[in-house]
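Trainee: Got a minute to go through this one with me? I'd like to start broad and then pick at details.

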Amino acid sequence: MVFNWFRRKFDKSESEQVQDSEQVEIPAVVEDEPTEPETSEAVATDYLAWAKAAYQNIQQQQESPSSVAGVEAEETSSDESAPVETTAPERLETAAITDVEPETAASEIEVAVDNSAPVRSEAPVVTENIPIWARDDRQQRIEQLKATAIETLEPEAPTPEIALDDDFLWSAKVLADQGRTPEQVSLDEINWLKKLRQGLDKTRRGFVNQFKALIGQGPLNADAVESIETLLLQADVGVEATDYVIETLQAKLREESLPPEEAVAYLKQILRDLLDKPLQENYTQEFLPIQNQLNIWLLVGVNGVGKTTTIGKLAHMTQASGYKCLIAAGDTFRAAAVQQVQVWGQRSGIEVIANPGQNTDPAAVVYDAISAAQARGTELLLVDTAGRLQNKKNLMDELSKIRRIIDKQATNAQIESLLVLDATLGQNGLRQAQVFAEAAKLSGVVLTKLDGTAKGGVALAVVQQLGLPIRFIGAGEGIEDLRPFSSYEFVEALLSG
């Protein structure tokens, strides 16, 4: 089974779908067994039992490939050992021809070998070029090497260790609250949630404890409101988003007094509604390539935000999710940019369309890449672009030209533009996004470098001031450290202690 990160579920292969359809055809009567609702309620309420069930399921997923490999190894070993019995009579015949002259013996041996294909004789076949005085010594040395040889087995690929620790239990709780079952959980999801939580650890520790202390003092007065505003601004939430959060929180606390834990839960709800607001107004909830159709994703941004790295990670995730992918090296200005994206393509086994020349027209590269994608039945074409400052009009006009070529050349394709923002830049990224939104017709934002000194609140500022949804977030340098954005997971990692 292939885990589709865009749909957050396992996609079954054709053979598995046929097996499931055959199993469905078998009638089964389970009317007298009302145990399923009870067990589902128990699993939903008992997070520890849910986590243990998911833990066991992940262990079974890891053991099943190794068991299949062991069965295949036994079959191959048995197949290799089968022809040994047929070679025994041949060896007897060669051993019987020891009193004959060397030339006739060698010729008879060669004839015997030609008549039977699977024969493997231990006697040296090629001895004509070896001097007669050195043949005995050579044979002895070969026999000694065979006797003293040590069979070395190829080392097996190490399976990643799973620890049923606090991070695993927290990740399991987050997935269970979203309605997932233990059978639907993969190890990649658990590892990703751990990385996301670790990346937002600094913001979480500095914000949650102080917020609980302020809420625990009772209704918010002017000093408490000012302190909460300071916490939000320090987390790069932005002025507009901070005002919205404070006004909504104050309105709730005027109606009823909330304990600190309930106040944090209500704050989580406010942040989730804020992050999901663009999806409820102008943008679709799902952001994924449409299968059996050409999809073109154009990645734009200023210098150094991680566009090329994001391209490589997106390509790896797309291919791992079962899509046919292609990369267009449209950054023809930066030195070694084409070579960098080619290295990312090699890591995932994805072809890169590039122009070997320097300072070539990026629009021409995109044109060639679209033609190649249409000819090869590609489902997703990722277009890399050169970094450019938002105040350079000529470069922004060049970006508009690339977008016009895409719209003209691929009329039937699903076209999206993603702005890559460095989370460590904070409020400076908002000014960039405002100009890029006009030139590239943005469909969303990719937020990178959340694993460093970045403050997670910049995600709220982007959504509130620009009205753009966040589509992907990156929390590491590895090839698997970029995943689709989930407001629920993000807020839980930001505010859960």
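Mentor: Here is a walk through the overall make-up, one helix, one cavity and one residue.

Mentor: This is a predicted model, where local features need pLDDT of at least 70, side-chain atom pairs count only at pLDDT 80 or more, and totals for chains, interfaces and linings use all residues. Residues are numbered from 1 along each chain as its sequence is written, and side-chain values use heavy atoms, with hydrogens and water left out.

Trainee: How many helices and strands does the protein have?

Mentor: There are 19 helices and 10 strands, taken as DSSP runs numbered from the N terminus (helices are H or I, at least four residues; strands are E, at least two).

Trainee: And what share of the residues is buried?

Mentor: Of the 497 residues, 42% are buried, meaning under 20% relative accessible area (exposed is over 50%, partly exposed in between; 1.4 Å probe, protein chains only).

Trainee: Let's look at H15. What length should it span?

Mentor: H15 runs over residues 362–376, and its 15 residues at 1.5 Å a residue should span 21 Å; the expected span is 1.5 Å times one less than the number of residues. The end C-alpha atoms are 21 Å apart, which agrees.

Trainee: Which residues of H15 are buried, and what do they pack against?

Mentor: The buried ones are Pro362, Ala363, Val365, Val366, Ala369, Ile370, Ala372 and Ala373. They pack against strands S3 (295–300), S4 (325–330), S5 (352–353) and S6 (380–385), plus helix H16 (393–409); contact here means heavy atoms within 4.5 Å.

Trainee: What comes after H15?

Mentor: Gly377 follows H15, and its phi is positive, near 70 degrees.

Trainee: Switching topic: which residues line the largest cavity?

Mentor: Thr203, Phe207, Leu232, Ala235, Val237, Leu271, Gly457, Leu460, Leu494 and Leu495. A cavity is a set of points on a 1 Å grid over the protein atoms alone where a 1.4 Å probe fits but cannot get out, and lining residues have an atom within 4 Å of a point.

Trainee: Which helices supply at least two residues of that lining?

Mentor: Helix H9 (201–215) and helix H19 (487–495) each do.

Trainee: Last one: where is Ala172 found, and is it buried or exposed?

Mentor: Ala172 is in helix H7 (residues 166–177) and is buried, with a relative accessible area of 1%. Leaving out residues up to four places away in sequence, Ala172 touches Trp50, Ala51 and Ile190. The C-alpha atoms of Ala172 and Tyr47 are separated by 7.4 Å, though the two are 125 residues apart along the chain.

Definitions and conventions. On a 1 Å grid over the protein atoms alone, a cavity is a set of points where a 1.4 Å probe fits but cannot get out, and a pocket is an open set with protein on both sides within 12 Å along at least five of seven lines; lining residues have an atom within 4 Å of a point.
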